[in-house]
Amino acid sequence: MTQTQTSLIDFIGIGAPKCGTTWLSAQLEAHPQIGFAPAKEVYYFADTTLRRFAGQELRCFERGDNWYHEQFPPLDGTISCRGEFCPSYLYSEQAAVRIAAYNPEIKLLLCLRPPVDMIYSWYWYNRNAAVASLPKTFAEMMEHPFLRDLGCFAKHLRPYVERFPAANFLVVQFDAIRRTPDEACRRVYEFLGIDSSFKPEVETGKNAARAPRFPLLQSSAQRAYKGISSLPGVGAALKSPLVARTLESVYHRLNSKAQKYEPLSAEARQKWVEYYLSDQEELGQMLRHLEEVG
């Protein structure tokens, strides 16, 4: 397909999960000049982390750029830029390659927080996932290299830094969102080249940890979904992103409840702080480079 530059999506939030992306997405959606994807996460360039972990990918990229553009509001006299926020993109080098081929000038938003806080929160939020089951304890989950390294931000950011100009990145720290949300919001609007004086009036709570009301229902739902997905015709319908999201929403209404979880022990926290230390040092160098060059 031949595209004009104005038809391309202008920005993508690439991660990281549990770092304020829900809050920032609400600020993006509220701005009248932004055509934000109604679903927030389109999963075009890469699927969810859990779907990849479970081998249940929707393969939206195979639907093509026309389909991708249909997931956004059309450009009009008010909307001047469009985008989505999909934290799973950070963990896919293939997504970096695809995004660079799609629009090498696209702007990239990245939310960060200390990796141990992020991954501990991510674990508890996804305990009752509809697609795949995580191990019963955080310690067991951290035995899986793919899941453990979700906190290796530098490792996963590197393919993006290698492919995009430094000026195309904006890093928003979770701590800055908590301390000075108005300033964080203003910086994002300014980065996107839209009216930075706009004050959104949106209330966003945090995504609470979830636990299953009926644990057996979780495993039964996963087996049923996997079995039906393998059926010709029916499986294709289930792999529609809209259908998949609807089924997941229904499942969580039936079988999810908010859950408070115990803080990570000091011993475990120190262990994982040390594990991520070298990656954090590399990340610091990477972010300084982006700031200096950009």
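Modeller: Before we chat, a definition: two strands pair if DSSP finds at least two bridges between them, where strands (E, at least two residues) and helices (H or I, at least four) are DSSP runs numbered from the N terminus. This is a predicted model, where local features need pLDDT of at least 70, side-chain atom pairs count only at pLDDT 80 or more, and totals for chains, interfaces and linings use all residues. Residues are numbered from 1 along each chain as its sequence is written, and side-chain values use heavy atoms, leaving out hydrogens and water.

Colleague: OK, in what order do the five strands sit in the open sheet?

Modeller: The pairing is parallel. β2 (34–36) and β5 (169–173) are the edge strands with a single partner each, so one side of each lacks a neighbour in the sheet. Reading across, the order is β2-β3-β1-β4-β5.

Colleague: Which residue in β5 is the bridge partner of Leu109?

Modeller: Strand β4 (residues 107–112) runs parallel to β5, and five bridges join them. In β5, the partner of Leu109 is Leu170.

Colleague: And how many residues of β3 (residues 81–85) are buried?

Modeller: Buried means under 20% relative accessible area, with exposed over 50% and partly exposed in between (1.4 Å probe, protein chains only). Cys81, Gly83 and Phe85 are buried on one side, Arg82 and Glu84 on the other. The strand is largely enclosed by the rest of the structure, because the buried count is five of five.

Colleague: Which β3 residue stands opposite Phe11?

Modeller: Strand β1 (residues 11–15) runs parallel to β3, joined by three bridges. Opposite Phe11 in β3 stands Gly83.
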